[in-house]
Amino acid sequence: IIRWLLSSFNGKLNIPEWTWFPLGTFLANFSGSIFSITLIAIEYRLNSDTISSFWVMGTIRALKVGFVGSLTTVSTFVAEVHGFII
């Protein structure tokens with residue numbers, strides 16, 4: 001749903017030369033990358049401590065693979081850029 005909401009920003013830049021740019025998809029990929037790096041840092045920090053549990057690590061990995069993975073599909077970005085250019 002988040003990716004779909006962000007896609008409403010595609011083609012909405014006020015710069016005439018950049019109206020083809022899929023801004024919403026770029027924002028989804030950028031924010032997903034930031035979220036993924038944050039989760040990796042948390043996972044690394046928890047692995048270095050002895051307090052990490054199986055369920056905490058599993059939840060972090062599920063968020064990283066499931067949520068962030070679905071938010072940052074590069075194929076959508078490539079398809080939208082290709083569609084705007086041609």
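Here is a short conversation about reading a predicted model of a protein chain.

Reader: Where do I begin with a model like this one? What is the mean pLDDT of the protein chain?

Author: Begin with confidence, since this is a predicted model. The mean pLDDT of the protein chain is 82, and 92% of its residues reach 70 or more.

Reader: Which element has the highest mean pLDDT, and which the lowest?

Author: Helix α2, residues 23-48, has the highest mean at 88. Helix α4, residues 74-85, has the lowest, with a mean of 73.

Reader: How many helices and strands are there in the protein chain?

Author: The protein chain has four helices and zero strands. Read from the N terminus, the order is α-α-α-α.

Reader: Is the protein chain a compact globule or more spread out?

Author: The idea is to compare the radius of gyration with what the globule rule gives for the chain length. Here the radius is 17 Å, well over the 12 Å given for 86 residues, so the protein chain is more spread out than a compact globule. You can look at the spans too: along its principal axes, the C-alpha trace covers about 55 × 20 × 20 Å.

Reader: Now the residues, please. How much of the protein chain is buried?

Author: Buried residues account for 23% of the 86. A residue counts as buried when its relative accessible area is under 20%.

Reader: Let me try R3. Why does R3 count as buried?

Author: R3, in helix α1, has a relative accessible area of 16%, so R3 falls under the 20% cut-off. Now look for what surrounds R3 in the model. Leaving aside neighbours within four places in sequence, the contacts of R3 include T25, A28 and N29, and also S70, L71, T76 and F77.

Reader: And is K12 buried or exposed?

Author: Exposed means over 50%, and K12 has 55% relative accessibility, so K12 counts as exposed. You will find K12 in the loop between α1 and α2. The C-alpha atoms of K12 and G24 are 8.9 Å apart, with 12 residues separating the two along the chain.

Reader: What about F9?

Author: F9 also belongs to the loop between α1 (2-6) and α2. With a relative accessible area of 40%, F9 is partly exposed.

Reader: Which residues make a nonpolar surface patch with F9?

Author: F26, L27, F30 and I34 join F9 in a patch of about 460 Å². For the whole protein chain, the accessible surface is about 6,100 Å², and carbon and sulfur atoms provide 73% of that.

Technical notes: Residues numbered from 1 in each chain as written. Predicted model: local features only at pLDDT ≥ 70, side-chain atom pairs only at ≥ 80, totals over all residues. Heavy atoms only, no water. pLDDT = per-residue confidence, 0-100. Helix = DSSP H or I, 4+ residues; strand = E, 2+ residues; numbered from the N terminus. Patch = residues over 30% accessible without salt bridge, like charges linked within 9 Å, V, L, I, M, F, W, Y side chains within 5 Å. Areas by Shrake-Rupley, 256 points an atom, 1.4 Å probe, with all protein chains shown as cover. Salt bridge = Lys/Arg side-chain N within 4 Å of Asp/Glu carboxyl O. Buried < 20%, exposed > 50% of the residue type's maximum accessible area, 1.4 Å probe, protein only. Rg over C-alpha atoms; globule rule 2.2 N^0.38 Å. Contact = heavy atoms within 4.5 Å.
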